[in-house]
Amino acid sequence: MVKLRVPAARALLRSEDPNSAGTVLVTDCLEMVEILISQDAKRYSAVLEAQDQRLETLEKAPQSPLRDYSSAQLRLHQAVLQVVFEHEVQGAWNLRQAYQQMQGVAKRYPSFLPARKSLGMLEFAIGSLPEGYRWFLRLLGLSGSVDTGLKHLRAAAQRPHDFQLESQLILALVEETYYRRSNETTQLVTRLATQQPDNLLLTFLVISQNKKLHHTDRALAAFQARPTGPSYLPVAYLHHMAADLLLYQGQFAASERENLKFLHLYRGQHYRKAAAFKLYLAAWLGGKHPTADHYRQQIAASGRTIVEEDTYAQRFFEEKSPLHPILTRARLQLDGGYYQEALTTLKSFGATNKRTLRDQLEAPYRRARAYHGLNQLDSARYFYARTIALSKGQAPYYFAPQAALQLGYLYQSAGQTELARKYFRQALQYPKHEYKNSTDMKAKVALAELG
């Protein structure tokens with residue numbers, strides 16, 4: 001299952017007792033993997049109904065740590081599905097039940113590490129939610145702790161048990177996302193993928209991590225060497241990631257092909273607006289302006305705005321303000337890790353009062369990112385600060401809040417705690433921008449880490 005070799009996993013399950021806790025849990029995990037990766041809403045009701053039947057089967061099974069854990073885990077699966085497919089009220093109730101059940105399992109069986117894995121993930125997720133969600137948590141009677149969550153996850157990741165690999169991956173991704181331990185996470189998933197070259201999930205993580213680290217060439221090499229064939233679950237999102245990587249390199253036609261393949265294979269509503277926006281960029285920068293106009297209209301034609309990428313794309317469509325080709329090209333080069341090339345591109349951009357406010361803010365922010373990537377930190381700090389000053393705390397774009405977040409990280413690394421606190425708090429103060437949820441969550445975790 002973890003290798004995403006779903007047909008082989010199902011074949012193995014046929015020889016197992018269908019009513020045992022282990023078989024019920026793995027069967028449900030397989031269905032969760034399929035529906036979450038495909039995002040096929042047509043399967044939603046049938047999967048929920050099957051989960052209810054499995055919960056009834058578990059109630060009749062002999063009591064054991066695995067049975068109680070599986071019951072709580074299935075309830076968590078239901079909560080995740082209901083939230084993903086926009087049945088938030090039912091999802092919230094199931095989340096509350098799953099959390100309370102998992103707490104009970106961990107209390108009854110303190111040495112049963114799988115429960116520590118799931119409880120740690122829940123504790124961390126609830127404890128790191130931004131302030132705007134606190135009313136919701138109070139309504140549900142839920143409280144979480146980042147520190148407690150990490151302790152549970154580390155205990156589950158460090159000691160052997162059947163779910164140790166899953167625990168290691170969850171811990172690594174949490175630490176990478178919120179504590180900027182990207183290099184360690186990338187090293188871990190690369191080592192594991194080398195040990196298991198037939199593991200598509202690990203290859204996916206290698207691609208994703210290298211993309212986050214702006215190692216475009218490595219990410220593309222992993223994509224091209226990924227295990228393929230009918231024995232694997234199709235993962236449409238891989239093509240969306242590849243399209244981004246090719247866009248960073250200026251391979252516009254190849255990027256367009258990969259995103260079209262993604263839209264053809266994908267059954268969900270998330271990332272559709274983002275894919276249409278990237279298709280627009282590939283056609284526009286490639287000089288195919290009628291095609292670019294067609295893709296621009298597709299941004300509004302389908303998909304939702306739950307994911308921040310989609311929110312950004314929809315906002316671009318609604319604002320109707322044209323992107324600047326120089327700044328856009330520089331942004332893509334920066335996303336790809338081509339920092340020196342981005343600075344060269346930015347040299348041809350002249351900031352004047354005739355520029356839009358967005359362009360006036362984006363130019364220094366892009367320069368800051370380039371210098372940051374080149375480890376020229378004095379220049380990076382200067383241009384981040386300039387971005388914040390030009391925004392005057394009111395511009396509804398992500399450049400200033402992201403600049404504040406990055407300044408917080410820079411001063412934190414330099415041991416200047418008070419300045420770091422100042423900028424993390426400033427990042428939280430911006431009321432509306434495209435990446436507010438993720439920016440606020442990162443700033444909040446950073447402030448908690450500072451104490």
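**Exercises: a buried glutamine, two crossing helices and two cores**

Gln82 lies in helix H4, which spans residues 65–84. This is a predicted model, so let us explore it step by step.

**Exercise 1.** Work out whether Gln82 is buried or exposed, and find which residues Gln82 touches.

*Solution.* Start with the relative accessible area of Gln82, which is 7%. Buried means under 20%, so Gln82 is buried. Next, look for its contacts, leaving aside residues up to four places away in sequence. Gln82 then touches Tyr44, Leu48, His87, Glu88, Gln90, Gly91 and Asn94.

**Exercise 2.** Describe how helix H15 and helix H18 cross, and which residues make the contact.

*Solution.* First find H15 at residues 272–285 and H18 at residues 325–335. Their axes come within 12 Å and cross at roughly 120 degrees. The crossing of H15 past H18 is left-handed. From H15, the contact uses Phe277, Leu281, Trp284 and Leu285, while H18 supplies Pro325, Thr328, Arg331 and Leu332. Sorted by class, these are six nonpolar residues, one polar and one charged.

**Exercise 3.** Find which residues touch the most other members of the largest nonpolar core, then look for a second core.

*Solution.* The largest nonpolar core has 85 residues, and Ile207, Phe277, Tyr280 and Tyr384 touch the most other members. Helix H22 (residues 399–413) gives the most to this core, with nine residues. Now zoom in on Tyr280: not counting residues up to four places away in sequence, Tyr280 touches Ala292, Tyr295, Arg296, Phe316 and Leu323. Finally, a second, separate core holds 25 residues, among them Cys29, Leu76, Leu119 and Ile126.

Methods:
Residues are numbered from 1 along each chain as its sequence is written. This is a predicted model: local features need pLDDT of at least 70, side-chain atom pairs count only at pLDDT 80 or more; totals for chains, interfaces and linings use all residues. Side-chain values use heavy atoms; hydrogens and water are left out. Axes are lines fitted to C-alpha atoms, for helices over the stretch in contact, and angles run from 0 to 180 degrees between N-to-C directions. Helices (H or I, at least four residues) and strands (E, at least two) are DSSP runs, numbered from the N terminus. A crossing is left-handed if the near helix is turned anticlockwise from the far one by less than a right angle, and right-handed if clockwise. Contact means heavy atoms within 4.5 Å. Ala, Val, Leu, Ile, Met, Phe, Trp, Tyr, Cys and Pro count as nonpolar, Asp, Glu, Lys and Arg as charged, and the others, Gly among them, as polar. Buried means under 20% relative accessible area, exposed over 50%, partly exposed in between (1.4 Å probe, protein chains only). A nonpolar core is a set of buried Ala, Val, Leu, Ile, Met, Phe, Trp, Tyr and Cys residues joined through side-chain atoms within 4.5 Å.
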